[in-house]
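Colleague: I am new to this structure. Please take me through one part closely, then show me how the rest is laid out around that part.

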Amino acid sequence: MKACGLIVEYNPFHNGHVYHVQSAKKITKADCIIAVMSGPFLQRGEPAIIDKFHRTYAALQGGVDIVVELPYAFAVQSSEWFAKGAVLTLHALQVSSICFGSESGEITSFTNSYKQLTANLEAYNHALKLNLNAGLAFPEASKNAYEQIGLAYRNLTQPNNILGFSYVKTIYDYHLPIKPLTIQRSQSDYHDTTITGSIASATSIRETMLKEGAISPSIRNAIPEPTYEQLTAYKQTTSTWHTWEAYFPLLHYRVSTMTAQELASIQGVDEGLEHRIKKTAKQADSFYDWMEKLKTKRYTWTRLQRMFVHILTNTKKQDMEMLHNLAAIPYIRILGFTKQGQKYLRECKKELPTPLIHSMARHMHPMLEMEERASHAYYSILPAAKKQNMLKQELQPPIFSNHK
């Protein structure tokens with residue numbers, strides 16, 4: 001069987017994702033679509049609006065055959081580390097291709113950019129260092145460095161293109177037998193905040209949900225029925241959708257009771273930022289207010305959000321050191337599969353170099369310990385009984401969907 005890999009967050013799974021799945025199947029002629037998905041917290045440093053299990057079920061009903069979890073250690077990271085974890089996970093599952101959405105929809109833009117970067121790597125690194133030393137945030141410093149080496153592909157500032165380039169770079173850097181493919185994003189832009197049709201950005205769907213406090217007709221028009229069912233079920237069960245504001249009291253308590261030295265040990269708290277965090281905490285009335293007081297030209301919104309995730313989950317710099325020596329993914333956590341996905345796993349299981357795990361129980365690895373902390377932190381805003389009920393999902397077998 002032939003598999004195509006997708007790198008996703010599904011926050012939530014919407015009609016644009018259905019288009020992505022169907023297009024990937026069509027252009028690769030794959031027998032099996034495998035999605036590697038972020039868990040409770042996402043690449044841009046946000047809590048997923050509903051948990052990974054409900055998002056998994058919606059994805060399986062929407063055409064994905066296997067959903068596996070991207071470990072927290074990779075999920076809440078810069079594009080380079082996020083891509084490394086996701087691509088190596090899909091490689092371990094023996095996909096023959098990876099298909100991602102981009103603003104351009106042309107894979108040659110990405111491959112040519114990689115070749116140009118490789119040929120001018122020393123000059124790029126030198127320019128990047130100068131820009132960072134000048135006080136620029138990494139995205140801006142990197143953009144300037146690309147331009148200074150004359151990189152032909154100038155849209156690397158767009159989120160999906162940044163990630164897409166990182167996927168291609170990982171494939172080529174590790175000499176993986178994976179064909180990178182891209183499709184053009186349909187209609188909506190990544191940063192769109194309003195729903196204008198049946199295909200809308202996840203950002204616009206979330207913002208409309210939170211603003212209206214319900215799943216309005218415009219949202220229902222932009223999501224498949226299974227997503228509506230899962231969003232509704234999660235809200236009815238937990239009485240919440242996860243947003244940063246809900247975690248503000250917990251974060252504020254954490255920072256208020258930590259010393260500056262303890263804060264400095266947390267992943268992402270660099271360059272003396274611990275003092276600025278402590279100072280602004282005294283003045284912050286909400287998470288948004290805190291972010292506004294903290295952010296500067298050097299410390300971007302995304303970078304600060306990731307840092308706050310690591311503070312919330314007590315993820316230290318030393319916890320992340322294991323990534324630097326990792327040549328392969330230590331395990332693959334299966335969240336769910338369809339009958340077709342089950343068939344694929346049975347066919348290739350004996351040949352897979354990486355162990356497949358189905359739950360937290362009896363499988364402890366330093367990465368899984370981080371995963372466990374992330375899950376506890378994610379559900380921490382729920383009442384005790386509901387929290388324990390949701391955490392039980394971590395010990396249950398993968399979700400099975402009969403969707404064809």
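Modeller: Start at K29. K29 comes just after helix 1 and has a positive phi of about 55 degrees. Keep in mind throughout that this is a predicted model.

Now step back into the helix itself. Helix 1 covers residues 15-28. With 14 residues at 1.5 Å a residue, helix 1 should span 20 Å. The C-alpha atoms at its ends are 20 Å apart, so the expected span and the model agree.

Which residues of helix 1 are buried? Begin with N15, G16, H17 and V18. Then come H20, V21, S23 and A24. T28 completes the list. What do these buried residues pack against? They pack against strand 1, strand 2 (32-38), strand 4 and strand 5.

Follow strand 4 next. Strand 4 takes in residues 97-102. Five of its six residues are buried, so strand 4 is largely enclosed by the rest of the structure. Strand 4 has partners on record here. Strand 1 (residues 3-8) runs parallel to strand 4, and two bridges join them. In that pairing, C4 stands opposite S97 of strand 4. Strand 5 (residues 179-184) also pairs with strand 4 in the parallel sense, this time over six bridges. There, G101 of strand 4 faces I183 of strand 5, the two standing opposite each other.

Strand 2 brings us to a cysteine. Strand 2 runs over 32-38, and C32 has 0% relative accessibility, so C32 counts as buried. C348 is buried too, with a relative accessible area of 5%. How many disulfides does the model have? The count is zero. For C32, the nearest cysteine sulfur is that of C348, and it is 8.1 Å away. A disulfide needs the two sulfur atoms within 2.5 Å. At 8.1 Å, C32 is therefore in no disulfide. The reverse holds as well: the nearest cysteine sulfur to C348 is that of C32, and C348 is in no disulfide.

Now the wider core. The largest nonpolar core has 133 residues. Those with the most contacts inside it are L6, Y10, I277, W290, F308 and I311. Helix 4 (residues 79-92) gives the most to this core: eight residues. As general background, nonpolar side chains tend to be buried together in soluble globular proteins. Take F308 as a sample from the core. Beyond its neighbours within four places in sequence, F308 is in contact with W244, L251 and F287. W290, M291 and L294 are also in contact with F308.

Helix 4 meets helix 8 through S166. S166 lies in helix 8 (residues 159-173). S166 has 8% relative accessibility, so S166 counts as buried. Setting aside neighbours within four places in sequence, S166 is in contact with S79, E80 and A83. The side chains of S166 and S79 are joined by a polar contact of 3.3 Å. A83 and S166 are 83 residues apart along the chain, yet their C-alpha atoms are separated by 5.7 Å.

Helix 2 is another covered piece. Helix 2 (residues 52-61) has eight of its 10 residues buried. The buried ones are K52, F53, H54, R55, T56, A58, A59 and L60. At the start of helix 2, a side-chain oxygen of D51 comes to within 3.2 Å of the backbone nitrogen of F53. After helix 2 comes G63, with a positive phi near 120 degrees.

A58 leads on to helix 11. T227 is placed in helix 11 (residues 225-238). T227 is buried, at a relative accessible area of 3%. Neighbours within four places in sequence aside, T227 is in contact with P12, F13 and A58.

Last, a loop. N314 sits in the loop between helix 16 (301-313) and helix 17 (317-320). Is N314 buried or exposed? Neither: N314 has 28% relative accessibility, so N314 counts as partly exposed. A polar contact of 3.2 Å joins its side chain to that of K316. Leaving out neighbours within four places in sequence, N314 is in contact with R254, I266, D319 and R373. The C-alpha atom of N314 is separated from that of L263 by 9.4 Å, with their positions 51 residues apart along the chain.

Terms used: Residues numbered from 1 in each chain as written. Predicted model: local features only at pLDDT ≥ 70, side-chain atom pairs only at ≥ 80, totals over all residues. Heavy atoms only, no water. Core = buried A, V, L, I, M, F, W, Y, C linked by side-chain atoms within 4.5 Å. Buried < 20%, exposed > 50% of the residue type's maximum accessible area, 1.4 Å probe, protein only. Helix = DSSP H or I, 4+ residues; strand = E, 2+ residues; numbered from the N terminus. Contact = heavy atoms within 4.5 Å. Polar contact = N/O pair within 3.5 Å; in protein donor to acceptor, adjacent residues only side chain to side chain. Pairing = 2+ DSSP bridges. Expected span 1.5 Å × (residues − 1).
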